[in-house]
Amino acid sequence: MPELMVVRHAQASFGADNYDQLSELGHRQSALAGETLREMGWVPDRLVTGTLTRQKETLHSMGFADAPEEHAGWNEYDFHDLLRVKHGGAIPDLVQHDRKTHFRTLRETLREWQDDGLQGAAESWADFKARIQAARQFSTETDAQKVLVISSGGAIGQLVASAMSAPPEQMIALNLQVKNTSMTRFIFSSRAFFLHEFNATPHFAPKARADMLTYS
């Protein structure tokens with residue numbers, strides 16, 4: 001059956017003025033991910049990304065030559081916007097630059113968002129879920145047998161939660177586990193869509209690469 005491989009973008013630029021670009025490590029993570037897929041014999045016959053720079057840079061550094069299609073449904077939720085709304089317009093410096101504080105606050109913010117809080121956010125939780133579903137349909141209504149998508153942690157978390165009919169809070173737990181350049185694989189047909197593998201990083205398996213594993 002056809003397969004949908006959804007890869008999270010590589011390490012971006014946490015704490016920088018422009019998060020939406022890969023770090024130097026991110027480019028190396030991407031290259032290893034692409035090399036590993038080719039060694040596995042998993043060569044895509046359709047490429048899709050969101051519209052974010054970090055997603056497109058990840059695919060480019062993976063070394064697949066074909067031009068990708070784009071679907072904005074694969075983009076991440078705008079966590080900067082959600083955090084600004086939660087904090088009344090300005091994200092506290094500690095939330096923006098300290099990883100532990102950032103992710104604890106983000107978890108609380110996502111729960112509030114899912115409960116229809118954060119009035120004034122650019123995107124509602126319902127709209128986010130709907131666009132992930134639309135992106136999935138766009139990417140799987142195809143004759144391709146191996147579809148490679150480059151997306152982001154929240155989108156992947158929601159895709160997995162939806163495939164498993166999990167409650168909304170499970171999306172948050174999944175989201176915050178997704179590693180940079182990890183591979184989440186689904187089997188699909190016109191009648192079926194189910195999870196086959198979640199958050200795999202075979203390209204970091206050798207001990208010498210263990211320090212390349214990142215989450216943001």
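Mentor: Before we start on this predicted model, keep one cut-off in mind: helix axes at over 145 degrees count as roughly antiparallel.

Trainee: Okay! At what angle do the axes of α5 and α8 cross?

Mentor: They cross at roughly 150 degrees, and the axes come within 10 Å. Helix α5 covers residues 99–114 and α8 covers residues 168–175. The two are therefore roughly antiparallel to each other.

Trainee: Is that crossing left-handed or right-handed?

Mentor: The crossing of α5 and α8 is right-handed.

Trainee: Which residues meet there?

Mentor: From α5 you have Arg107, Leu110, Arg111 and Gln114, and from α8 Pro168, Glu169, Met171, Ile172 and Asn175. By class, this contact has 4 nonpolar, 2 polar and 3 charged residues.

Trainee: Switching helices: how does α3 pack on α5?

Mentor: Helix α3, residues 79–86, packs at an angle of about 80 degrees to α5, with the axes 10 Å apart. That makes α3 roughly perpendicular to α5.

Trainee: And what residues does α3 bring to that contact?

Mentor: Phe79, Leu82, Leu83 and Lys86 in α3 meet a set in α5, including Leu106, Leu110 and Trp113. The contact of α3 with α5 has 6 nonpolar, 3 polar and 2 charged residues.

Trainee: Now rings. How many aromatic pairs are there?

Mentor: The count comes to 6. In one pair, Trp113 and Trp125, the ring centres are 5.4 Å apart and the planes sit at 75 degrees, so the pair is edge-to-face. Trp113 lies in α5 and Trp125 in α6, 12 residues apart.

Trainee: Are those two buried or exposed?

Mentor: Trp113 is buried at a relative accessible area of 3%, and Trp125 is buried at 5%. Both belong to one aromatic cluster with Tyr77 and Phe128.

Note on methods:
Residues numbered from 1 in each chain as written. Predicted model: local features only at pLDDT ≥ 70, side-chain atom pairs only at ≥ 80, totals over all residues. Heavy atoms only, no water. Axes fitted to C-alpha atoms, helices over the stretch in contact; angles between N-to-C directions. Helix = DSSP H or I, 4+ residues; strand = E, 2+ residues; numbered from the N terminus. Parallel < 35°, antiparallel > 145°, perpendicular 65-115°, else oblique. Left-handed = near helix turned anticlockwise from the far one by under 90°. Contact = heavy atoms within 4.5 Å. Nonpolar A, V, L, I, M, F, W, Y, C, P; charged D, E, K, R; others polar. Phe/Tyr/Trp six-rings, centres within 6.5 Å; stacked < 30°, edge-to-face > 60°. Buried < 20%, exposed > 50% of the residue type's maximum accessible area, 1.4 Å probe, protein only.
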